[in-house]
Amino acid sequence: MTIEILKDAIRPPAQNNLTWIFPVRLNGRDIEWKVDSFDLSMWFKEAVGRYPRNEKGDQEEREDIRENWSQVEPRLRVEAEREAALPCRISVEGMRFSASGSEEAQSIPKNELPPLSDPQREAAKKMGLSEEAYARSLVAGERTWNALLEKTKRLAEYLQQSVMKLAKDAKLETVILRTLEEKFDIDIRLGDRVLPVRVREELVDDFFETGSEQAERSLNRVLEVSLPASSFPRQAS
């Protein structure tokens with residue numbers, strides 16, 4: 001896998017948005033890699049030892065990233081390669097807060113909290129929160145979000161193997177955890193058709209946390225019902 005991050009084409013978030021666009025050349029093909037501003041700040045701090053400058057807005061942060069590119073680029077490339085290696089598009093939609101994430105956020109010294117962007121400062125003001133309290137809530141949400149993303153990745157890896165066993169031409173395209181609904185939305189491509197599948201998060205947790213054979217059978221049964229019978233391998237008579 002060959003990945004090149006195009007430094008000079010980096011685009012800061014659009015107005016009232018928190019997503020940076022990093023154009024990436026993956027095996028000779030140009031794609032847009034979307035990076036959350038919170039993650040970008042954390043990765044920058046890991047590489048440089050401080051948060052990026054943002055007092056004058058996102059343009060200043062972009063210049064800071066460019067000026068420290070030799071340190072920041074290897075850290076970014078690790079994440080880009082990790083995402084490119086995933087079997088399908090994976091995401092977590094919506095926030096959720098866990099007790100452990102909130103405890104971690106409260107224990108962080110004030111001077112180590114990530115700086116807020118202008119849209120985040122505005123959001124804190126509208127919510128009647130101090131910038132420190134809002135930053136801590138972001139950290140708590142991010143800790144929980146990262147754990148949920150890892151669960152989603154683990155499910156995608158399992159599903160890809162299961163789908164191929166059921167139908168060799170089937171391919172997993174999307175796995176999205178919708179936190180408010182506590183369900184995974186899954187898209188499976190079979191030829192020119194895209195088959196939607198929904199799986200309860202509770203079922204996945206039961207399978208991953210206890211190794212429940214019943215949960216595994218139920219999960220595979222959902223896949224079997226979703227795929228047309230004509231796609232299954234023929235059994236020898």
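**Exercise 1. Charges over rings**

Task: Find the ring whose face K45 lies over, and give the distance from the ring centre.

Solution. This is a predicted model. Start from K45: the ring beneath this residue belongs to Y51, and the distance from the ring centre is 5.6 Å. The cut-off for a charge over a ring is within 6 Å of the ring centre, and K45 is listed over the face of Y51. Next take R154, which lies over the face of F208 at 4.0 Å from the ring centre.

**Exercise 2. The order of the strands**

Task: Work out the order of the strands in the open sheet, and state which strands stand at the edges.

Solution. Begin with strand β1 (residues 3-5): its pairing with β2 is antiparallel and covers 3 bridges. One residue to look up here is I5, whose bridge partner in β2 is V24. Then turn to β2 and strand β3 (residues 29-36), which pair in the antiparallel sense over 8 bridges. Two bridge partners in β3 can be checked: K34 for I21 and E32 for P23. Put together, the open sheet of 3 strands has the order β1-β2-β3. β1 and β3 each have a single partner strand and stand at the edges, so one side of each is without a neighbour in the sheet. From one strand to the next, the twist averages 35°.

**Exercise 3. Around the sheet**

Task: Describe how helices α1 and α3 are placed against the strands, and explain why strand β2 is largely enclosed.

Solution. Helix α1 (residues 37-48) packs on the sheet and touches β2 and β3, with its direction at about 90° to that of β3. Helix α3 (residues 69-84) lies across β1, β2 and β3, and runs at about 130° to β1. Now count within strand β2 (residues 19-26): 6 of its 8 residues are buried, so the strand is largely enclosed by the rest of the structure. W20 and F22 are both buried. The hairpin of β2 and β3 has 2 residues between the strands, and N27 takes a positive phi near 50° there.

**Exercise 4. Aromatic pairs**

Task: Classify the aromatic pair of W20 and F22 from the angle between the planes.

Solution. The structure holds 5 aromatic pairs. For W20 and F22, the centres are 6.4 Å apart and the planes make an angle of 40°. Planes under 30 degrees apart count as stacked and over 60 as edge-to-face. The pair of W20 and F22 is therefore tilted, at 40°. Finally, ring pairs join W20 and F22 with W33 and W43 in a cluster.

How values were computed. Residues numbered from 1 in each chain as written. Predicted model: local features only at pLDDT ≥ 70, side-chain atom pairs only at ≥ 80, totals over all residues. Heavy atoms only, no water. Phe/Tyr/Trp six-rings, centres within 6.5 Å; stacked < 30°, edge-to-face > 60°. Buried < 20%, exposed > 50% of the residue type's maximum accessible area, 1.4 Å probe, protein only. Lys NZ or Arg CZ within 6 Å of the ring centre and 35° of its normal. Helix = DSSP H or I, 4+ residues; strand = E, 2+ residues; numbered from the N terminus. Pairing = 2+ DSSP bridges. Axes fitted to C-alpha atoms, helices over the stretch in contact; angles between N-to-C directions. Contact = heavy atoms within 4.5 Å.
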